[in-house]
Amino acid sequence: MKILVTAATTLEIQPFLHFLEHNSQRVSNHKYRLSVCEIDVLIAGIGMMHTAYSLGRYLSLHTPHVAIQAGIGGTFRKDWPLGSVVAIEKEYLADLGAEDNDQFKDLFDINLWQPDQTPFTGISLVNNFCAWPLPVELPAATGVSVNLVSGSAPTIARLEAKYQPEVESMEGAAFHYACLEQNIPFLQLRSLSNYVEIRDKSKWQIPQAVKSLNETLTHTVQQLAEHYSVAIKNF
Ligand SMILES: O=C(O)c1cccc(C(=O)CC[C@H]2O[C@@H](n3cnc4c(=O)[nH]cnc43)[C@H](O)[C@@H]2O)c1
């Protein structure tokens, strides 16, 4: 069984790579065997352009049974503790569109895209987790993907009013789009490294977010390996 694990940067999944180095067989660069699973690791780069290109190139050559994107992200929810990990249920492309004086209009608003066009559900890229082989026990969250990390009150207010987001990243939508188009069951794990607020990098808690992200990622991959191993034995 083939599992793809992708992240924007090596830093975000370094502890998971350490786990693989010590608990699985290394098949080649970025490819590991854990029980009955072959795990490919793809460091796709920061942002939607890099993610789309890397994933598109990878998926033109490989068809994983499941794909996981693991990364840190900002949260709009001040009541959610930093370091907690969520599964993103739906993604909006939140800064692709046109400015109309002081208004932002996305590509649906200006009729360049149509709601429900493949692979959108309405205007978002939805993961209903239906094809995911295991129960998803994490809180589900709504994500926005942006090219510009939000750091001003007007931008944050605009995003909240338009999309009611809980988490912001720079890659999630590209991952959802590629997996939906290729019909690959997927899971986007985001660990909350910062609140989406007027920029103050000193408040970001990246080490704590990376730690919890990797605990969840490692646990998820171990569960998948166990699940597939039992399924194959019973086949
Ligand atoms: O500006 C800096 O000095 C700086 C240094 C390191 C990292 C950054 C980032 O903005 C990280 C972008 C990276 O992490 C994800 N991420 C984390 N928090 C957010 C957020 O609030 N909004 C959007 N993306 C976020 C993102 O997916 C990137 O992969 C800056």
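In the predicted model, His-62 is partly exposed, with 14 other C-beta atoms within 10 Å. This histidine is located in the loop that connects α2 to β5 (66-75). Leaving aside residues up to four places away in sequence, His-62 touches Lys-2 and Asp-40. The second of these partners, Asp-40, is 22 residues from His-62 along the chain, and the C-alpha atoms of the two are separated by 9.8 Å.

The helix that precedes this loop, α2 (residues 48-61), packs with helix α4 (residues 172-182); their axes come within 8 Å and cross at roughly 25 degrees. Because angles under 35 degrees count as roughly parallel, α2 is assigned as roughly parallel to α4. The crossing of the two helices is right-handed. On the α2 side, the contact is made by Met-48, Thr-51, Ala-52, Leu-55, Gly-56 and Leu-59, and on the α4 side by Ala-173, Ala-174, Phe-175, Ala-178 and Gln-182. Eight of the residues in this contact are nonpolar and three are polar, while no charged residue takes part.

Helix α4 is largely enclosed by the rest of the structure, since eight of its eleven residues are buried. These are Gly-172, Ala-173, Ala-174, Phe-175, His-176, Tyr-177, Ala-178 and Cys-179. His-176, a residue of α4, counts as buried because it has 27 C-beta neighbours inside 10 Å, the threshold being 20 or more. Beyond residues up to four places away in sequence, His-176 touches Glu-91, Leu-125, Asn-127 and Gln-188. Thr-155 lies 21 residues from His-176 along the chain, and a distance of 23 Å separates their C-alpha atoms. Helix α4 is followed by Asn-183, which has a positive phi, near 60 degrees.

Two residues named in the contact between α2 and α4, Leu-55 and Phe-175, are also among the residues touched by Thr-6. Thr-6 belongs to strand β1 (residues 2-7). With 25 C-beta neighbours inside 10 Å, Thr-6 counts as buried. Its other contacts, with residues up to four places away in sequence not counted, are Leu-42, Ala-44, Ala-67 and Gln-69. Thr-6 and Gly-71 are 65 residues apart in sequence, and their C-alpha atoms are 8.7 Å apart in space.

A further helix pair is formed by α1 (residues 14-23) and α5 (residues 206-233), which pack at an angle of about 40 degrees with their axes 8 Å apart. The two helices are therefore oblique to each other. Their crossing is right-handed. Pro-15, Phe-16 and Phe-19 in α1 meet Asn-214, Leu-217 and Thr-218 in α5. The residues of this contact comprise four nonpolar and two polar, with no charged residue.

The length of α5 agrees with expectation: at 1.5 Å a residue, its 28 residues should span 40 Å, and its end C-alpha atoms are 40 Å apart. The buried residues of α5 are Ala-209, Val-210, Ser-212, Leu-213, Asn-214, Thr-216, Leu-217, Thr-220, Val-221, Leu-224, Ala-225 and Tyr-228. Among them, Asn-214 and Leu-217 also take part in the contact with α1.

Backbone geometry was examined next. Most residues other than glycine have a negative phi, and most peptide bonds are trans. His-30 has a positive phi, near 70 degrees, and is a residue other than glycine. His-30 is situated in the loop between β2 (25-28) and β3 (31-34), and is partly exposed, with 14 other C-beta atoms within 10 Å. Gln-164, likewise not a glycine, has a positive phi of about 45 degrees. This glutamine is placed in the loop between α3 (153-163) and β11 (167-169). Gln-164 is exposed, with 11 other C-beta atoms within 10 Å. A cis peptide bond, with omega about 0 degrees, joins Thr-118 and Pro-119. Pro-119 lies in the loop between β8 (103-106) and β9 (125-126).

Notes
Residues numbered from 1 in each chain as written. Predicted model: local features only at pLDDT ≥ 70, side-chain atom pairs only at ≥ 80, totals over all residues. Axes fitted to C-alpha atoms, helices over the stretch in contact; angles between N-to-C directions. Helix = DSSP H or I, 4+ residues; strand = E, 2+ residues; numbered from the N terminus. Parallel < 35°, antiparallel > 145°, perpendicular 65-115°, else oblique. Left-handed = near helix turned anticlockwise from the far one by under 90°. Contact = placed C-beta atoms within 7 Å. Nonpolar A, V, L, I, M, F, W, Y, C, P; charged D, E, K, R; others polar. Expected span 1.5 Å × (residues − 1). Buried ≥ 20, exposed ≤ 12 C-beta atoms within 10 Å, placed from the backbone.
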